[in-house]
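Let's walk through this structure together, one piece at a time. Keep the 3D view open as you read, and turn it as each element comes up.

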Amino acid sequence: MKGWMENNIEEIASKHLGRTSDGSTMTRYETPEEADADLLVGIPRKLNREAYGIDDERLPFGGYDTWNCYETSFMLENGYPVSGVLKLCVPVSSPNICESKSLKLYLNSFNMQKMGNSLHSAINKFESTVQADIATCVGSAVTVHFHTMFDKGREKFPVSRKYITLEQVLDFENIVFDKYSEDPSILKIKADPKSEHRLTTNILRSNCRVTNQPDWGDVFIYTKGDYSIDTESLLQYLVSMRTENHFHEEIAECIYKRLIDIFPEQTDLGVLCLYTRRGGIDINPMRCSNYSIMENEFEKLWNVFSQHGKTMRQ
């Protein structure tokens, strides 16, 4: 009986995993262009509970399965990518669980999906869509909430409290974002004598050059000199990384090189990318034009004796 149940679970779980749509072995991950609830796979709880003598009709416990989905993103109608953390709670009384890799595939299918004109309407639509789809998968009502960097009461990213999110200074809901392949021609600078700027955003997304799976990060950019970066062009440029295939380190170096190429030689520049963990390891590439930036801006990140704070998604 145990062997049959294990085989049955594996068969259900492998519905969309490790295969292409024609059933052949899949060696490369492809993110869907539109949200697809059919990617979700529900596995009956009773298949595992029967082995332990647990009766679904008379559960000896109560509770919830709580998920924190750190790599969640969708788009506004203007092409701006909204990124945040989805928290999902499923009651133990639900007939099914949601197979974890299928949930990741499902959430990734929203990456290029436009959900609304405003941040508020898009989040509401995303939450209601996910709530309904997960409820169908597990056979029970569930609760969801999408946490963003705009949430009140949440601390800002802890690298430096002096950093300002690009979205704080831009009317990003009314900017057109339509380039998703890295394009340095987007970037623009402007005269800004004796200026110093610290900017950040959490919308950085590229893809692994080997597996093509999405990589998620927060980027911090420091500049000091007689010129500053045009913030709208910077946000549009970072969005253009969305379909690039590079390693984390390569993305940081690409951003740094594109910026240093358009600034005068005397400009101080620092670029830091804090990526989400994969397999228990996160990679945080830092590229700076001089030592003082490393010491004053990002010291905790390169000092092995000091633990640095984490971003919301890390």
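Strand 7 and strand 8 run parallel, and two bridges join them. One pairing to look for is Thr165, whose bridge partner in strand 8 is Thr200. Bear in mind throughout that this is a predicted model. In general, the strands of a sheet pair through backbone hydrogen bonds, either parallel or antiparallel.

Now widen the view to the sheet that holds this pair. It is an open sheet of five strands in the order 7-8-9-10-11, with mixed pairing. Strand 7 (164–165) and strand 11 stand at its edges; each has a single partner strand, so one side of each has no neighbour in the sheet.

Next, look at the helices that lie against these strands. Helix 6 lies across strand 8 and strand 9, and runs at about 25° to strand 8. Helix 7 also packs on the sheet, where it touches strands 8, 9, 10 and 11. The direction of helix 7 makes about 155° with that of strand 10.

Helix 7 deserves a longer look. This helix covers residues 248–262, which is 15 residues, and spans 22 Å from its first C-alpha to its last, close to the 21 Å expected at 1.5 Å a residue. Its buried residues are His248, Ile251, Ala252, Cys254, Ile255, Tyr256 and Leu259. The spacing of such a list is easier to read with one rule in mind: an α-helix has 3.6 residues a turn, so residues three or four places apart point the same way. What covers the buried residues of helix 7? The cover includes strand 8 (189–207), strand 9 (214–229), helix 6 (231–239), strand 10 (268–275) and strand 11 (286–288).

Two of those helix 7 residues lead us into the interior. The largest nonpolar core has 62 residues, and Ile255 and Leu259 have the most contacts inside it. Helix 4 (residues 119–138) gives this core its largest share, eight residues. Leaving aside residues up to four places away in sequence, Leu259 touches Leu187, Ile221, Ile229, Leu234, Leu269 and Val271. Another core, of eight residues, lies apart from the largest one, and Phe220, Leu272, Leu274 and Ile293 are among its members. As a general rule, nonpolar side chains in soluble globular proteins tend to be buried together.

From here, move to another pair of strands. Strand 3 (residues 81–91) and strand 6 pair in the antiparallel sense over five bridges, and Lys87 stands opposite His145 in strand 6. Strand 6 (residues 143–147) has two distinct faces: Val144 and Phe146 are on the covered one, while Thr143, His145 and His147 are on the uncovered one. This is easy to follow because side chains in a regular strand alternate between the two faces of the sheet.

Why do Cys98 and Cys137 not form a disulfide? Their sulfurs are 3.9 Å apart, which is too far for a bond, since a disulfide needs the two sulfur atoms within 2.5 Å. Both residues are buried, Cys98 at 7% relative accessibility and Cys137 at 9%. A search of the whole structure finds zero disulfides.

Finally, step back to the whole chain. Its secondary structure comes to nine helices and 11 strands. Of its 314 residues, 46% count as buried. Among contacts with a separation of 6 or more, 75% are between residues 24 or more positions apart.

Terms used
Residues are numbered from 1 along each chain as its sequence is written. This is a predicted model: local features need pLDDT of at least 70, side-chain atom pairs count only at pLDDT 80 or more; totals for chains, interfaces and linings use all residues. Side-chain values use heavy atoms; hydrogens and water are left out. Buried means under 20% relative accessible area, exposed over 50%, partly exposed in between (1.4 Å probe, protein chains only). A nonpolar core is a set of buried Ala, Val, Leu, Ile, Met, Phe, Trp, Tyr and Cys residues joined through side-chain atoms within 4.5 Å. Helices (H or I, at least four residues) and strands (E, at least two) are DSSP runs, numbered from the N terminus. Contact means heavy atoms within 4.5 Å. The expected span of a helix is 1.5 Å times one less than its number of residues. Two strands pair if DSSP finds at least two bridges between them. Axes are lines fitted to C-alpha atoms, for helices over the stretch in contact, and angles run from 0 to 180 degrees between N-to-C directions.
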